[in-house]
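Trainee: I have a new model open and would like to learn how to read it. Could you take me through it?

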Amino acid sequence: MIADDMNWDDCGAYGHPAIRTPNLDRLAGEGLRFRHAYLTTNSCSPSRASIITGQYPHNTGAEQLHWPIPAGSKTFTNALRSRGYYTAAAGKWHMGDFIRDHFDKVYEASTAGFVLPSGIDGEPPKMIADQPSGCEDWERALEERDMSKPFCMWLAALDPHREYTDGALDPPHRAEDVIVPAHLPDTADVREDLRLYYDEIGRLDSYVGKVMAKLNHQGVAENTVVLFISDNGRPFPRDKTSLYDGGIRTPWIVRWPARIVAGNTTDALVSSVDIAKTFLELAGEPGWDAFGDREAKSFASVLFDPTRSHRQFAFAEDHWHDYEDHARCIVDHQYKLIRNDYPDLPPTPSADAGRGLSWQNMLKLENAGELTPQQQTCFRAPRPEWELFDLQRDPGELKNLMDDPAYTSIQERMTAELAAWTEQTGDYLPSKRTPDEFHRVTGEPDHSVRVRPRPSKQETFGTNGKY
């Protein structure tokens, strides 16, 4: 089950005291909760492409927002299907047309929930889907599966992706429930924006409960591996599309009563690039190496012994998402190093966040000189080429330690490891920049650039690889 734009700690299971997530909390209580889980990127469709192919985004051919996964790509769902599994996807798709036949059935939610339409008769466009949660077909997919086969379900929500409207949860959260992070101003508009976001997490949680009830009703809950994650972080400034924890850290809960001891937590560091290989190993393909050992590492052993370690480092990427950007980061249990390859560009939030109450409020406060330095991050250009954070002492990633001589050895070690990963995985700096599709201040679409459906990487640059 994949949330859409949910922060790693925005649920009760990860310590949030106000967001109501009883079903996720129960899932964690019945399974294994990972404390240090990271995605390979901070953007919706590239994250999904990485998860399903078991590759880092720069190797998927789909590293920019809305690029389809190329024809001929290998996916773990197709590998399971070839082994006799029934495979189905329900909810948000966002992966293009070339891998649809990697599933026996696709129940696709409307793209209106995450792709901005053109607008009618001069009306401002909105992203409001007919099925606003995106989870409405999750139960149906389970009901209509081939009961004679083992199964793999790719259940992808639209919640809590923008845009937000009242009515997602009854009763709704209250403004006084909201906890405003330090990188956002504590104003009425920001609190209202976060409150509506909380409500969509609550709605998503209800569908998690419905799926678990359906598995119980079908008598398969004991021996079904359930993984709950998000595709990227909270859709707010300095979160989604950033390489801070608000962009790339994810909730990560695994439930499997037949094999996993309930109620445990683990400090094992995991990456979403590992999911494909792990699922295939659990399905009886321990030697299946189509994705290679250069990128993915199975975390199956951690499920059976949560005290085991897994990765020393996780890596994540930042690519074009409405606006051009390119950055990389490396993270371990304590430190994170970020390399900004286009420091001349401000880290503008995604266009959907840019139309939200928080960013519009921040624009006014910035013009009035009323934002703190931490709240000004998204306006800063040029920005630092390198950023280093001590996540234990500074979980909000508010103090850049790159100029602190006390951290020189940490800088050198992590820089060397990032360089080694770059060479090992064939990463590269593009030779061309991709134009922005929206104005960085007003958020208005640039129709001279913006085309839907968005052309693929092959159509744009003539290759699915280095360009």
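What follows is a conversation about helix packing, cores and backbone details in this predicted model.

Trainee: Happy to start with helices. How are helix 5 and helix 10 oriented relative to each other?

Mentor: Helix 5 covers residues 188-217 and helix 10 covers residues 357-367; they pack at an angle of about 165 degrees, with their axes 8 Å apart. Angles over 145 degrees count as roughly antiparallel. That makes the arrangement of helix 5 and helix 10 roughly antiparallel.

Trainee: And what is the handedness of the crossing of helix 5 and helix 10?

Mentor: Look at the pair again, with the axes of helix 5 and helix 10 8 Å apart. The crossing of these two helices is left-handed.

Trainee: Which residues of helix 10 make the contact with helix 5?

Mentor: Begin on the other side, where helix 5 contributes D189, V190, E192 and D193. By class, the contact holds 2 nonpolar, 2 polar and 3 charged residues. From helix 10, the partners are L357, S358 and N361.

Trainee: Against which helices do the buried residues of helix 10 pack?

Mentor: First pick out the buried residues of helix 10: S358, W359, N361, M362, L363 and L365. Then see what they pack against. The answer is helix 5 and helix 9, the latter at 351-354.

Trainee: Helix 1 also packs with helix 5. Are helix 1 and helix 5 parallel, perpendicular or oblique to each other?

Mentor: Helix 1, residues 22-29, packs with helix 5 at an angle of about 50 degrees, and their axes are 7 Å apart. Under 35 degrees would count as roughly parallel, and 65 to 115 as roughly perpendicular. Helix 1 and helix 5 are therefore oblique.

Trainee: How many nonpolar residues are in the contact of helix 1 with helix 5?

Mentor: On the helix 1 side you will find P22, N23, L24 and L27, and on the helix 5 side D205, S206, V208, G209 and M212. Sorted by class, there are 3 polar and 1 charged, and the nonpolar residues number 5.

Trainee: Let's move inside. Which helix gives the most to the largest nonpolar core?

Mentor: The largest nonpolar core has 91 residues, and F34, W138, W154, F228 and W252 have the most contacts inside it. Apart from it lies another core of 15 residues, among them Y56, F313, L401 and M414. To the core of 91 residues, the helix that gives the most, with 12 residues, is helix 5.

Trainee: Is S45 buried or exposed?

Mentor: S45 sits in helix 2, residues 44-53. Leaving aside neighbours within four places in sequence, S45 is in contact with Q64, L65, H66, W67 and H94. Its relative accessibility is 2%, and under 20% is the cut-off for buried. So S45 counts as buried.

Trainee: You just mentioned H94. What is its phi?

Mentor: H94 lies in the loop between strand 3 (86-91) and strand 4 (105-108), and at 11% relative accessibility it counts as buried. Its phi is positive, in a residue other than glycine. The value is near 65 degrees.

Trainee: What about R238: what is its phi?

Mentor: You will find R238 in the loop between strand 6 (226-230) and helix 6 (245-248). R238 counts as buried at 7% relative accessibility. Although R238 is not a glycine, its phi is positive, at about 70 degrees.

Trainee: What is omega for the peptide bond that joins R162 and E163?

Mentor: E163 is in the loop between strand 5 (151-156) and helix 5. The bond joining R162 and E163 is cis. Its omega is about 10 degrees.

Trainee: And what is omega for the bond from A381 to P382?

Mentor: P382 is in the loop between helix 10 and strand 12 (386-390). The peptide bond from A381 to P382 is cis, with omega near 0 degrees.

Trainee: One last item: how many Å apart in space are G54 and A296, C-alpha to C-alpha?

Mentor: G54 lies in the loop between helix 2 and helix 3 (76-82), and G54 is buried, with a relative accessible area of 0%. In sequence, G54 and A296 are 242 residues apart. In space, C-alpha to C-alpha, the distance is 6.1 Å.

Note on methods. Residues are numbered from 1 along each chain as its sequence is written. This is a predicted model: local features need pLDDT of at least 70, side-chain atom pairs count only at pLDDT 80 or more; totals for chains, interfaces and linings use all residues. Side-chain values use heavy atoms; hydrogens and water are left out. Axes are lines fitted to C-alpha atoms, for helices over the stretch in contact, and angles run from 0 to 180 degrees between N-to-C directions. Helices (H or I, at least four residues) and strands (E, at least two) are DSSP runs, numbered from the N terminus. A crossing is left-handed if the near helix is turned anticlockwise from the far one by less than a right angle, and right-handed if clockwise. Contact means heavy atoms within 4.5 Å. Ala, Val, Leu, Ile, Met, Phe, Trp, Tyr, Cys and Pro count as nonpolar, Asp, Glu, Lys and Arg as charged, and the others, Gly among them, as polar. A nonpolar core is a set of buried Ala, Val, Leu, Ile, Met, Phe, Trp, Tyr and Cys residues joined through side-chain atoms within 4.5 Å. Buried means under 20% relative accessible area, exposed over 50%, partly exposed in between (1.4 Å probe, protein chains only).
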